[in-house]
Amino acid sequence: MHTKTTCPPITGGIALFLDFDGTLAPLQDDPGAVHLSPQQLKFIEAMSRKLSNALAIVSGRDVRDLSKRVPATVWRAGSHGLEICAPGDTADYEAKPAPPFLLKAINSIVAAHPGTRLEQKGEVLAIHFRTVPDLESAVVQQVDSILKAYPSYKYQAGKYVLEAKPKRANKGKAIEDMLSHAPFAGRTPVMVGDDTTDEDAMGVVEKLGGWSVKVGDGSSVAQYRLNAPENVWHWLSEGAL
């Protein structure tokens with residue numbers, strides 16, 4: 001699909017859904033080191049108020065982890081939409097864990113491949129291999145084999161990460177549900193993301209009459225494209241209501 005590099009401005013009638021890693025913040029080898037500046041946090045809060053709270057950060061991160069990095073005054077959807085927190089929710093409850101035998105099997109893959117790292121995000125298990133990209137094929141094959149015993153799970157590859165996650169963990173499904181009630185209902189949905197997990201959400205918003213923005217390289221269903229997170233912030237700031 002031909003994509004445009006000049007995005008429409010964000011207007012008052014939009015419901016805005018933003019990915020976090022790779023979209024609002026650059027990807028890093030250590031996900032724990034990723035953060036937004038105080039000015040960026042204030043801007044997100046201000047934009048949410050101007051959109052009457054119809055702004056959500058939709059991330060693959062666990063919602064407790066995400067809530068440490070974005071304002072608690074905005075909507076947050078973590079683990080690809082498995083957990084959704086409304087503005088003001090503290091997300092101080094325990095995450096539902098992945099099946100113990102699946103966790104053990106995934107841990108064995110990581111142990112057998114030095115340089116990979118396991119991130120537990122509740123029910124979602126992410127194997128990071130940014131520092132050893134040549135191991136991607138081996139990791140995919142082994143995870144695929146393991147998940148044959150777990151029909152409620154699937155794997156999804158992203159940028160130097162492979163996630164084993166429940167099939168119901170889907171950003172598109174989460175956004176479709178959010179759009180069915182206030183404050184999102186009746187607005188034009190817009191999704192901004194950089195990775196394969198964001199494509200599900202982009203497909204949904206476009207089906208519902210909205211539009212989407214792909215950040216970075218790679219094929220996408222999005223009509224618009226921006227090069228990097230700094231371009232996202234420039235676009236949001238220049239076109240701020």
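Two strands are taken to pair if DSSP finds at least two bridges between them. In this predicted model, strand E2 (residues 55-58) and strand E3 (residues 75-78) run parallel and are joined by three bridges. Within this pair, Ala-56 stands opposite Trp-75 in E3.

Strands E2 and E3 belong to an open sheet of seven strands with mixed pairing, in the order E4-E3-E2-E1-E9-E10-E11. The edges are occupied by strand E4 (83-85) and strand E11 (224-226); each has a single partner strand, so one side of each is left without a neighbour in the sheet. On average, neighbouring strands of this sheet are turned by 20° against each other, direction ignored. Helix H7 (residues 229-238) lies across strand E1 (14-18), strand E9 (188-193), E10 and E11, and runs at about 140° to E10.

Within the seven-strand sheet, E9 and E10 run parallel and are joined by four bridges. Gly-193 stands opposite Lys-214 in E10. Five of the five residues of E10 are buried, so this strand is largely enclosed by the rest of the structure. Trp-211, Val-213 and Val-215 point one way from E10, whereas Ser-212 and Lys-214 point the other way, and all are buried. The loop between helix H6 (196-207) and strand E10 (211-215) contains Gly-210. Gly-210 has a relative accessible area of 9% and is therefore buried, the cut-off being under 20%. When residues up to four places away in sequence are not counted, Gly-210 touches Thr-188, Pro-189, Val-205 and Gln-223. The C-alpha atoms of Gly-210 and Ser-37 are 29 Å apart in space, with the two residues 173 residues apart in sequence.

A further buried position is found in helix H1 (residues 38-50), which contains Ser-48. The relative accessibility of Ser-48 is 1%, so this residue counts as buried. Apart from residues up to four places away in sequence, Ser-48 touches Asn-53, Ala-54, Leu-55, Thr-73 and Val-74.

An open sheet of four strands, in the order E5-E6-E8-E7, has antiparallel pairing. Strand E5 (117-121) and strand E7 (153-157) stand at the edges, and because each has a single partner strand, one side of each is left without a neighbour in the sheet. Neighbouring strands of this four-strand sheet are turned by 20° against each other on average, direction ignored. Strand E6 (residues 124-128) and strand E8 (residues 161-166) run antiparallel and are joined by four bridges. The bridge partner of Ile-127 in E8 is Leu-162. Helix H4 packs on the sheet, where H4 touches E6, E7 and E8, and the direction of H4 makes about 165° with that of E7.

Helix H4 (residues 136-147) also packs with helix H3 (residues 100-112), at an angle of about 160° and with the axes 10 Å apart. H3 is therefore roughly antiparallel to H4, a description that applies to angles over 145 degrees. The crossing of the two helices, H3 and H4, is right-handed. On the H3 side, Leu-102, Ala-105, Ile-106 and Ile-109 meet Gln-142, Val-143, Ile-146 and Leu-147 in H4. Of the residues in the contact of H3 with H4, seven are nonpolar, one is polar and none is charged.

Key:
Residues are numbered from 1 along each chain as its sequence is written. This is a predicted model: local features need pLDDT of at least 70, side-chain atom pairs count only at pLDDT 80 or more; totals for chains, interfaces and linings use all residues. Side-chain values use heavy atoms; hydrogens and water are left out. Buried means under 20% relative accessible area, exposed over 50%, partly exposed in between (1.4 Å probe, protein chains only). Contact means heavy atoms within 4.5 Å. Axes are lines fitted to C-alpha atoms, for helices over the stretch in contact, and angles run from 0 to 180 degrees between N-to-C directions. Angles under 35 degrees count as roughly parallel, over 145 as roughly antiparallel, 65 to 115 as roughly perpendicular and the rest as oblique. A crossing is left-handed if the near helix is turned anticlockwise from the far one by less than a right angle, and right-handed if clockwise. Ala, Val, Leu, Ile, Met, Phe, Trp, Tyr, Cys and Pro count as nonpolar, Asp, Glu, Lys and Arg as charged, and the others, Gly among them, as polar.
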